[in-house]
Amino acid sequence: NRIVPAWKSGKAGSFRRTMRARSAAALPSELDDLQDLVDRGVLRVWKRNQTTGVGARGSGHSAATFRSHVEPEEIYVVGTAHVSDQSAEDVRRVILGVRPDNVVVEL
C-alpha cells in the first residue's frame, strides 16, 4: 500500500475539520476567548493520552526516564506567518491565556 498525501487524495479538508473539532473539544472552557483561533485553524490543542503506559509507543518517555520526566497535559500549537502582525497578536493571546511553562519557537 502506498501512502498518498492528504492534499493529493482530496482528504485534506476532512483532516482539517477533524483537527479543528478535536482542538475545540480539548480547549478548556476558561480559554473560550481563544475559540476564534481554533475556528480559523491557527490554534491546535492536543491533550495527553492518559491511557498510554510508561514506555509504550507514543508515551513520550521510556521506562528508564519516567520518574524524572513529566509530559505536559496539553500542548498548544499556534500556526504563524513570520512577518505577520496578526500572527504576533495570535501568539500573544495564547501565551497570555494559557500561561505556559514553556514556549517553543520555530524560526
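A residue counts as buried when its relative accessible area is under 20%, as exposed when it is over 50%, and as partly exposed in between. The exercises below apply this to a predicted model.

**Exercise 1. Describe the overall make-up of the protein: how many helices and strands does it have, and in which order do they run?**

Step 1. Count the elements: there are 4 helices and 2 strands.

Step 2. Read them from the N terminus on, which gives α-α-α-β-β-α.

Step 3. Look at burial: of the 107 residues in the protein, 20% are buried.

Step 4. Look at the contacts between residues at least 6 apart in sequence: 47% of them join residues at least 24 apart.

**Exercise 2. Classify Lys47 and Glu74 as buried, partly exposed or exposed, and state what their side chains form.**

Step 1. Lys47 has a relative accessible area of 49%. This value is not over 50%, so Lys47 is partly exposed.

Step 2. Glu74 has a relative accessible area of 26%, and is partly exposed as well.

Step 3. The two side chains meet in a salt bridge, with N to O at 2.9 Å.

Step 4. Place the pair in the chain: Lys47 belongs to strand β1 and Glu74 to strand β2, 27 residues apart, and the pair links distant parts of the chain.

**Exercise 3. Check the length of helix α4 and find which of its residues are buried.**

Step 1. Helix α4 covers residues 85–98, which is 14 residues. At 1.5 Å a residue, the helix should span 20 Å.

Step 2. The C-alpha atoms at its ends are 20 Å apart, which agrees with the expected span.

Step 3. Ser87, Asp90 and Val94 are the buried residues of α4. Seen down the helix axis, the buried residues fall within an arc of 60 degrees, so they line one face of α4.

Step 4. The packing partners of these buried residues are α3 (35–39), β1 (43–47) and β2 (74–78).

Step 5. Turn to the ends of the helix. At the N-terminal end, Ser84 acts as a cap: one of its side-chain oxygens lies 3.2 Å from the backbone nitrogen of Gln86. After the helix comes Arg99, which has a positive phi, near 55 degrees.

**Exercise 4. Trace the salt bridges of Arg40 and say which residues belong to the network.**

Step 1. The whole structure holds 5 salt bridges.

Step 2. Arg40 meets Asp36 in a salt bridge, with N to O at 3.9 Å. The cut-off is 4 Å, so this pair counts.

Step 3. Arg40 also forms a salt bridge with Asp90, where the closest N and O atoms are 2.8 Å apart. This pair links distant parts of the chain: Asp90 is in helix α4, and Arg40 is in the loop between α3 and β1, 50 residues away.

Step 4. Compare the surroundings. Asp36 is partly exposed at 32%, and Arg40 is partly exposed at 41%. Asp90, with a relative accessible area of 1%, is buried.

Step 5. Through shared partners, salt bridges join Asp36, Arg40, Asp90 and Arg93 into one network.

**Exercise 5. Find the side chain of opposite charge nearest to Arg44, and list what Arg44 touches.**

Step 1. Arg44 lies in strand β1, and is buried.

Step 2. The nearest side chain of opposite charge is that of Asp39, 8.6 Å away. A salt bridge needs a distance within 4 Å, so Arg44 has none with Asp39.

Step 3. Leave out residues up to four places away in sequence. Arg44 then touches Arg16, Met19, Arg20, Ser23, Val38, Ile75, Tyr76 and Val77.

**Exercise 6. Describe the setting of Ser23, one of the residues that Arg44 touches.**

Step 1. Ser23 sits in helix α2 (residues 12–26). Its relative accessible area is 0%, so Ser23 is buried.

Step 2. The Ser23 side chain reaches the backbone nitrogen of Val45 at 3.0 Å.

Step 3. With neighbours within four places in sequence set aside, the contacts of Ser23 are Val38, Leu43, Arg44 and Val45.

**Exercise 7. Decide whether Leu107 is buried or exposed, and give its C-alpha separation from His82.**

Step 1. Leu107 belongs to the segment after α4.

Step 2. Its relative accessible area is 82%, so Leu107 is exposed.

Step 3. Leu107 and His82 are 25 residues apart along the chain, and 7.9 Å separates their C-alpha atoms.

Note on methods:
Residues are numbered from 1 along each chain as its sequence is written. This is a predicted model: local features need pLDDT of at least 70, side-chain atom pairs count only at pLDDT 80 or more; totals for chains, interfaces and linings use all residues. Side-chain values use heavy atoms; hydrogens and water are left out. The expected span of a helix is 1.5 Å times one less than its number of residues. Buried means under 20% relative accessible area, exposed over 50%, partly exposed in between (1.4 Å probe, protein chains only). The arc is that of the directions from the helix axis to the C-beta atoms. Contact means heavy atoms within 4.5 Å. A polar contact is a pair of N or O atoms within 3.5 Å; within protein, one must be able to donate a hydrogen and the other to accept it, and residues adjacent in sequence count only if both atoms are side-chain atoms. Lys and Arg count as positive and Asp and Glu as negative; His and the chain ends are not counted.
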